[in-house]
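Here is a friendly briefing to read alongside the model. Please keep the viewer open and follow the residues as they come up.

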Amino acid sequence: MKHFSLFAFLFCFAATCTARDITVVSPDTRLKATLTVGTGISLHAADGKAALFTVAPIRLDLRDASLFRSTPHVAEVNRSASDTLITPVIRERAARLRDHYNEAVVRFIGGYAVTVRVYNEGIAYRIVTDIDRDMVIDHEPLVLQFAPGAVITAQYNQTFWSAYETPYRVRAADAMPADSMANLPLLAQLRSGHRIVFTEAQIASYPGLWLKHVRQGRLASTFPAYPTVRLEGDDLYRRGMVTARATEIARTHGSRAFPWRVFCVARTDAELLTNSMVYLLGEPSRMRDPSWIRPGLVTLDWWGRRNIHGVDFAGGVNTPTVRYFIDFAARYGIRYVLLDEGWSPDPDLLRVSPGLDMAEVLAYARSKNVEILLWAVWSTLERQWDAAFEQFSRWGIAGIKIDFMNSDDQQMVEFYQRCAEETAKRKMIVMFHGAYKPDGMQRTWPNAPVREGLIEFEQNGVNQDDTPWYHTVLPFVRMVAGAADYLPGTVRNAQPHEFRMVPDRPMGQGTRAHTTALCVVLECPFRMLPDSPSDYLREDDFTRFMTSIPVEWDETRVLEAKIGEVVAVARRHGGDWFIGAVTNGSERDVRLDLSFLEPGPPYVMTSLADGVNANTRAIDHVFSTSAVHAGDTMTVHLARGGGWVGRIRSIKN
C-alpha cells in the first residue's frame with residue numbers, strides 16, 4: 001500500500017509538472033478561467049465561446065531573487081469548491097451573501113503559487129509566496145487586454161497624488177489617454193454584451209494597482225513606488241504628499257498572500273448592481289464582538305454651520321451651533337453628529353477651538369441619545385496617534401472621519417489597516433475620505449464600513465461634474481467595490497439652468513425626487529445629510545420621509561438598469577420595501593414590477609415623485625399614498641435629472 005501511494009504521488013506530480021493549461025470553471029459552468037504555464041504564466045477568461053480578457057504575465061519582479069524570472073514549473077494543483085452563506089455584520093446590500101465558487105491553487109517549484117477562483121459572477125486570482133525572508137518588490141508587470149472593441153469607463157489622474165474624485169470618462173480601450181493613469185475600479189463594456197468591472201480585494205501592506213494604456217488597447221500595471229520623503233508644512237490639503245520615492249513598489253515579508261485581482265463579470269447591466277465579489281474576497285472579520293457597531297444617519301456641521309438661520313445665535317464652530325445640530329438629530333432619529341473641519345485648531349487634535357465646550361457638547365449629546373463623530377487630517381492623527389486616540393476614548397467619541405490621505409502607496413495602505421485596528425480596539429467606527437476604493441476591508445473590520453473615493457455632493461460647490469448622468473454610472477462602477485459616502489438628500493435642487501457653484505452652500509444637480517432616490521440607489525450604512533438643519537426644519541414632511549429611509553438592507557432587487565441612463569432598485573429592510581429610481585439628463589417613463597412582494601393583503605405605498613414643473617424647477621415634488629398588491633406593475637414618470645422613491649409597507653405591519 002505504501003508503494004502504491006508513493007507511485008500515485010509520483011504519477012500525479014509528473015502529470016502536474018507537464019501540465020500547461022489549468023482550467024477552472026464557474027459553478028454554473030459558464031465562466032472559464034485558464035491559467036497557461038509556458039515560458040511565463042498567463043490567465044485567459046471566457047464565457048462560453050466569448051473571449052473576455054487576458055492577463056500576462058502573472059509574476060512579481062523581486063530585487064534580489066530570480067523566483068519569478070525563470071521558466072515556471074508546476075509542482076501541484078489543488079482544487080476545491082465552496083458554497084456557503086456569509087452573514088455580513090453590516091447589511092450593506094443584503095442580510096446573506098452566497099459565497100459560491102470553484103478554485104485551483106497552482107503551486108510552483110520555488111515557493112510560490114497562483115490561486116484562481118471562479119464565481120458565477122466573476123473571476124479572481126492572486127499570487128501567494130512562501131519564502132522565509134523579507135522581499136523587495138520592484139514591480140508586478142501585468143498587462144491586461146480585454147476582447148477587441150472594449151469601451152472603458154474610468155477615472156484618470158496624471159499623478160498618484162489623488163483624492164479619487166475625478167470624473168468618469170468613457171473611451172474605447174485603444175483610445176485611452178497615454179498621458180494619464182486609470183485608478184480602479186474600472187468598467188469595460190465588451191462587444192459581446194459582457195460588462196466587466198476590474199478592481200482589487202485585500203490590499204494589505206502593498207500598493208494599489210493603477211493602469212496605463214500602452215498600445216492597441218493593452219493596459220499595463222503601474223504602482224505608486226515606496227515613499228521616502230513626504231511634504232511637511234501648513235497646507236493640510238498637501239501635507240503628507242510624497243515628494244520622493246524609492247525605485248521599488250513594496251517592502252514586505254516573503255511568506256504572504258498578495259491582493260486579489262478581481263474581475264466582476266455581468267451579462268446584463270443589472271447583474272453588476274448585485275455583484276458582491278469584493279466583499280466576499282475580503283478577509284473574514286477579525287473582530288470578536290462587533291455588536292456595538294450601529295449604522296445610522298449622520299448630520300455634519302461643515303456647510304450647515306455657515307447656513308443656520310432663524311436662531312438667536314451666530315452659526316459657527318461654537319457650542320450653541322453644535323447643540324442645535326444635536327437637537328435636530330434627536331428630532332429626526334439621526335444617530336450621529338459629525339464635527340467636521342474646524343472643531344480643533346489645525347494641526348493639533350489635542351486642543352479644541354475657542355467657543356466650543358467639548359465637555360458640554362458630549363454631555364448634551366448623551367442626554368439626547370446622539371453620538372459624536374470627529375474629523376481629522378490623517379497626517380495630524382499620525383503625528384499625535386497615541387495621545388489623540390487616548391483623548392477620543394476619554395471623551396467617548398463614537399468614531400472618526402479621516403481625510404486627505406490622497407494616496408494608495410504601501411505606507412498609506414498600512415495606515416488604513418492601523419486605523420481600522422486601533423479604532424476597533426477602542427470601539428470606534430472609522431470613515432475614510434480622500435480615500436482609495438473599498439477592497440473588502442469592511443468585511444475584515446466592520447467598523448470601517450464606508451469610504452469616499454468618488455465625486456460626491458460637496459463637489460457641486462466647485463465644479464459641475466456631479467451630474468444626474470454621473471449618478472447613473474456610479475452604481476455600475478464605484479459601487480461594485482463597496483459602499484460610498486456620497487451625501488444624498490439635499491433640499492437645494494437645481495436643473496442645469498438653475499445650477500450655480502456656491503462653495504459654502506452647494507446645490508445638487510437633479511430634482512428633489514432624484515436626490516431622495518439616491519438614498520436607496522447608493523449604498524451607505526453611515527449616510528450623511530448635506531444641508532443645514534435650518535433648511536430641513538423648514539420642510540418637515542420631506543425631512544421625515546427622507547430620514548425614514550434605512551441605511552441597511554436585507555435584500556436587493558434590480559428593477560431596471562442601463563448604464564448612464566437609468567437605475568431602479570428595490571431594497572427590503574425588515575418587512576418594508578423601498579424603491580429608488582433615477583434618470584440621467586433625459587426624462588423617461590420607468591416600469592416597476594412589484595412581483596417581489598409577497599402575495600396577500602394589499603400594501604400601502606407612500607411615494608415621492610417629480611412634480612409637474614420639475615423639468616424647470618427642480619425642487620418641485622409631490623407626495624402620494626396608494627394601495628398596491630403583489631404582482632402589480634406601475635409606470636412612473638421621471639423628469640430630466642429626475643427620480644422617484646417609494647416606501648411599501650404591509651397593512652398588517
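Leaving aside neighbours within four places in sequence, Q442 is in contact with E92, Y279, A448, P449, A481 and G482. Q442 lies in helix α9, residues 441–444, and counts as buried because its relative accessible area is 9%, where the cut-off is under 20%. Please bear in mind that this is a predicted model.

**The largest cavity**

- The structure holds 7 cavities of 30 Å³ or more, and the largest cavity encloses about 110 Å³ of space.
- Its lining is made of 16 residues, and those nearest the centre are E92, R93, L97, S276 and Y279.
- E92 and Y279, both in that central group, are also contacts of Q442.
- Two elements, α3 and α11 (478–481), give two or more residues each to the lining of the largest cavity.
- The largest share of that lining comes from α11, with 3 residues.
- By residue class, the lining of the largest cavity divides into 9 nonpolar, 4 polar and 3 charged.

**The parallel sheet**

- An open sheet is formed by 7 strands with parallel pairing, in the order β26-β25-β24-β23-β22-β21-β29.
- Its edge strands are β26 (450–451) and β29 (528–529), each of which pairs on one side only.
- Within this sheet, β24 (residues 399–403) and β25 (residues 429–432) run parallel and are joined by 4 bridges.
- If you want a reference pair for that register, I400 stands opposite V430 in β25.

**Helix α5 and its two sides**

- Which residues of helix α5 (residues 358–367) are buried? They are M358, V361, L362, Y364 and A365.
- These residues sit on the same side of α5, because they cover an arc of only 165° around the axis.
- An α-helix has 3.6 residues a turn, so residues three or four places apart point the same way.
- A359, R366 and S367 are exposed on the other side of α5.
- The buried residues of α5 pack against α4 (319–332), β22 (336–339), β23 (371–377) and α7 (385–395).

**Antiparallel strands**

- Strands β3 (residues 41–47) and β4 (residues 50–56) run antiparallel and are joined by 5 bridges.
- In this pair, A45 stands opposite F53 in β4.
- β3 and β4 form a hairpin with 2 residues between them, and G48 in the turn has a positive phi of about 65°.
- β4 also runs antiparallel to β10 (residues 143–146), to which 4 bridges join it.
- Here A56 stands opposite V143 in β10.

**Two buried loop residues**

- I293 lies in the loop between α3 (277–280) and β21 (298–300).
- Why does I293 count as buried? Its relative accessibility is 9%, and buried means under 20%.
- Not counting residues up to four places away in sequence, I293 touches I90, M287, I429, P446, N447 and F526.
- I293 and E523 are 230 residues apart along the chain, and their C-alpha atoms are separated by 17 Å.
- P72 is found in the loop between β5 (61–62) and β6 (74–86), and counts as buried at 7% relative accessibility.
- Beyond its neighbours within four places in sequence, P72 is in contact with V37, G38, T39, G40, I41, F108 and Y112.
- P72 and G38 are 34 residues apart along the chain, with a separation of 7.1 Å between their C-alpha atoms.

**Backbone points to check in your viewer**

- Most residues other than glycine have a negative phi, and most peptide bonds are trans.
- The peptide bond from L184 to P185 is cis, with omega near 0°, and P185 has its place in strand β13 (residues 181–189).
- A cis peptide bond also joins D346 and P347, with omega about 0°; P347 is in the loop between β22 and α5.
- T29 has a positive phi near 70° and lies in the loop between β1 (21–25) and β2 (31–37).
- F404 likewise has a positive phi near 70°, and its place is in the loop between β24 and α8 (410–425).
- Are these two residues buried or exposed? T29 is exposed, with a relative accessible area of 58%, whereas F404 is buried at 13%.

Conventions. Residues numbered from 1 in each chain as written. Predicted model: local features only at pLDDT ≥ 70, side-chain atom pairs only at ≥ 80, totals over all residues. Heavy atoms only, no water. Pairing = 2+ DSSP bridges. Buried < 20%, exposed > 50% of the residue type's maximum accessible area, 1.4 Å probe, protein only. Contact = heavy atoms within 4.5 Å. 1 Å grid on protein atoms, 1.4 Å probe; cavity = no way out; pocket = protein on both sides within 12 Å on 5 of 7 lines; lining within 4 Å. Points joined across faces, edges and corners; volume = space filled by probe spheres on them. Nonpolar A, V, L, I, M, F, W, Y, C, P; charged D, E, K, R; others polar. Arc of directions from axis to C-beta.
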